[in-house]
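Trainee: I am new to this structure and should like to understand how its descriptions are justified. May we go through them one by one?

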Amino acid sequence: DGTELTEIENYVKANHAQPDPEMFGVAKDRNVIIVSLESLQNFVINNEMDGHVITPFLNELTKDKDTFYFNNFYHQTGLGKTSDSEFIVENSLYGRNGSAVFFTHSGNTYDSLSNRLGENGYSTSVMHANSKSFWNRDIMYKAMDIQKFYDVESYSIEEGQAVNWGMKDIPFFDQSVDLMKDMKKPFATRMITLTNHHPFDLDEEDKLIPEYTSNSNTLNKYFQTVRYMDEAVKGFFEDLKENGLYDNSIIIMYGDHYGISENHNKAMGMYMDKEITPFDNAELQKVPMFVHIPGYGKGKVMDELSGQLDLRPTILHLLGIDTKADMQFGSDVFSPDHEPFVIFRDGRFVTDKNIYTQEVCYDIETGEPTDEAQCEPYVERATTELNYSDTVINGDLLRFKDQKDGSPEMKERE
Ligand code: GP9
Ligand code: MN
């Protein structure tokens, strides 16, 4: 009811981080390209497997002057996997515990990133070469006001262009750039890659590095598909340049969720040369995040602790769109007020001092259990925040927001 909404709004307002004036609007009026990198975890970045570089192109980006590389950024998904990451990025709300919100709440009212961008003159879309109903996307995208879904029907998959779950990333990016040429400008699109997906199968010709050797077939093949995806992203950047779409765009890329589950701890332990503890398992939920602004020149490595819920406010602020009246639980990663506190869907959390998992409070520096009292205040906040997000979704509370604030136009301009 109304009182619930007010209480939650007060919490959200109290946690709002004002944008850094230096960063607010730096990408104003540019096309927005958001790339969801399937199953990409951060541990492969600037790393090697048996002497082979795994992500040569992304490694270059981590040192690139037009790129902010976030090396302390976490996925916050649950069982909804890719669809949860999409939900989080669009709404800056948590997915649901034990189910996929794309299935359970596709009839809700949302104030999505795409909705906000549409209001601001962008043509909005998602590009993903899978059937449109997978994860109930066709229905949920309507609820999130995504104007166009370039699903598998928008692509032509020639012989040799599909593997594993479907279209390979290289032809996918290639054809997507062609489709972008015809989009109304400025456009905002989210691209979802597919090749680096369990069980990480590849055609021989796409294997650019050998397999790893361990008791886990999954981990062994993972390095190869990651390497392939890296090659695909490299080609994508080249294509954008060749087609005149590069300079006037901002490209945001992130891993959607883990690729290697805890079932492969033994093999991961071998690769990392240590025994994998619950602390390590939590840290392994880091995914890379890149904000690439062609011509910007002041990019750097950012170790600010942050997560996927932060993407919505971050992106909107980079485009010069205010979010202070918005129901969102993340905050702008470039804001001086951004708080180093990341909550996982399952209640685990990370602060700049601790990781809390399986009801144990670990010291972030040593990885050893430490004084519970350090985690205590955050345990309560994590519970509150997850509950608030659930309340918003379960009660479809965003449908009341416009009414309370007055007309939709007033809300937009608040
Ligand atoms: C399917 C793709 C993979 O379209 O997004 O989904 P996932 O299994 O990673 O959630
Ligand atoms: Mn996925």
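Mentor: Let us begin with Asp256, which lies in the loop between strand 11 (249-255) and helix 9 (265-272). Please bear in mind that this is a predicted model.

Trainee: What makes Asp256 count as buried or exposed?

Mentor: Buried means under 20% relative accessible area. Asp256 has 0% relative accessibility, and therefore counts as buried.

Trainee: Which residues is Asp256 in contact with, leaving aside its neighbours within four places in sequence?

Mentor: They are Ser36, Leu37, Glu38, Ser39, Leu40, His75, Thr77, Thr82, Ser85 and Gln308.

Trainee: Which residues does UniProt list for "binding site"?

Mentor: The unreviewed UniProt entry lists Glu38, Thr82, Asp256 and His257 under that name. These residues span 220 residues in sequence, yet no two of their C-alpha atoms are more than 7.7 Å apart, so they gather at one spot.

Trainee: Where is Glu38 found, and what does Glu38 touch?

Mentor: Glu38 is found in the loop between strand 1 (31-37) and strand 2 (48-49). Not counting residues up to four places away in sequence, Glu38 touches Thr82, Thr193, Leu194, Asn196, His197, Met229, Asp256 and His257. Its relative accessible area is 1%, under the 20% cut-off, so Glu38 is buried.

Trainee: What does the UniProt annotation "active site" cover?

Mentor: In the unreviewed entry, that annotation covers Thr82. Thr82 is found in helix 3. With neighbours within four places in sequence left aside, Thr82 is in contact with Glu38, Trp135, Arg137, Ile192, Asp256 and His257.

Trainee: How do you know whether Thr82 is buried or exposed?

Mentor: The value for Thr82 is 6% relative accessibility, which is under 20%, so Thr82 counts as buried.

Trainee: Why is Ser36 called buried?

Mentor: Ser36 has a relative accessible area of 2%, and the limit for buried is under 20%, so the term applies. The place of Ser36 is in strand 1. Leaving aside neighbours within four places in sequence, its contacts are Met191, Ile192, Thr193, Tyr254 and Asp256.

Trainee: Let us turn to the helices. Why are helix 1 and helix 12 called oblique to each other?

Mentor: Helix 1 (residues 2-14) and helix 12 (residues 376-394) pack at an angle of about 130°, with their axes 11 Å apart. Angles over 145 degrees count as roughly antiparallel and 65 to 115 as roughly perpendicular, while the rest beyond the roughly parallel range are oblique. The angle of about 130° falls in neither of those two ranges, and helix 1 and helix 12 are therefore oblique. Helix 1 passes helix 12 in a left-handed crossing.

Trainee: Which residues meet there?

Mentor: Glu4, Glu7, Ile8 and Tyr11 in helix 1 meet Arg381, Glu385, Tyr388, Thr391 and Val392 in helix 12. The residues of this contact divide into four nonpolar, one polar and four charged.

Trainee: What makes helix 7 roughly parallel to helix 8?

Mentor: Helix 7 and helix 8 pack at an angle of about 20°, with axes 8 Å apart. Angles under 35 degrees count as roughly parallel, so that description applies to helix 7 and helix 8. Helix 7 passes helix 8 in a right-handed crossing.

Trainee: Which residues of helix 7 meet helix 8?

Mentor: Asp169, Ile170, Pro171, Phe173, Asp174, Val177 and Met180 in helix 7 meet Tyr228, Met229, Ala232, Val233, Phe236, Asp239 and Leu240 in helix 8. The contact is made up of 11 nonpolar, no polar and three charged residues.

Trainee: What is notable in the backbone?

Mentor: Most residues other than glycine have a negative phi, and most peptide bonds are trans. Ser92, however, has a positive phi of about 55° although it is not a glycine, and phi of Asp273 is near 60°. A cis peptide bond joins Lys185 and Pro186, with omega about -10°, and the bond from His198 to Pro199 is cis, with omega near 5°.

Trainee: Are Ser92 and Asp273 buried or exposed?

Mentor: Ser92 has 0% relative accessibility, under 20%, so Ser92 counts as buried. Asp273 has 70%, and exposed means over 50%, so Asp273 counts as exposed.

Key
Residues numbered from 1 in each chain as written. Chains lettered and ligands numbered in written order. Predicted model: local features only at pLDDT ≥ 70, side-chain atom pairs only at ≥ 80, totals over all residues. Heavy atoms only, no water. UniProt positions renumbered as here; feature names shortened; annotations may be inferred. Helix = DSSP H or I, 4+ residues; strand = E, 2+ residues; numbered from the N terminus. Buried < 20%, exposed > 50% of the residue type's maximum accessible area, 1.4 Å probe, protein only. Contact = heavy atoms within 4.5 Å. Axes fitted to C-alpha atoms, helices over the stretch in contact; angles between N-to-C directions. Left-handed = near helix turned anticlockwise from the far one by under 90°. Nonpolar A, V, L, I, M, F, W, Y, C, P; charged D, E, K, R; others polar.
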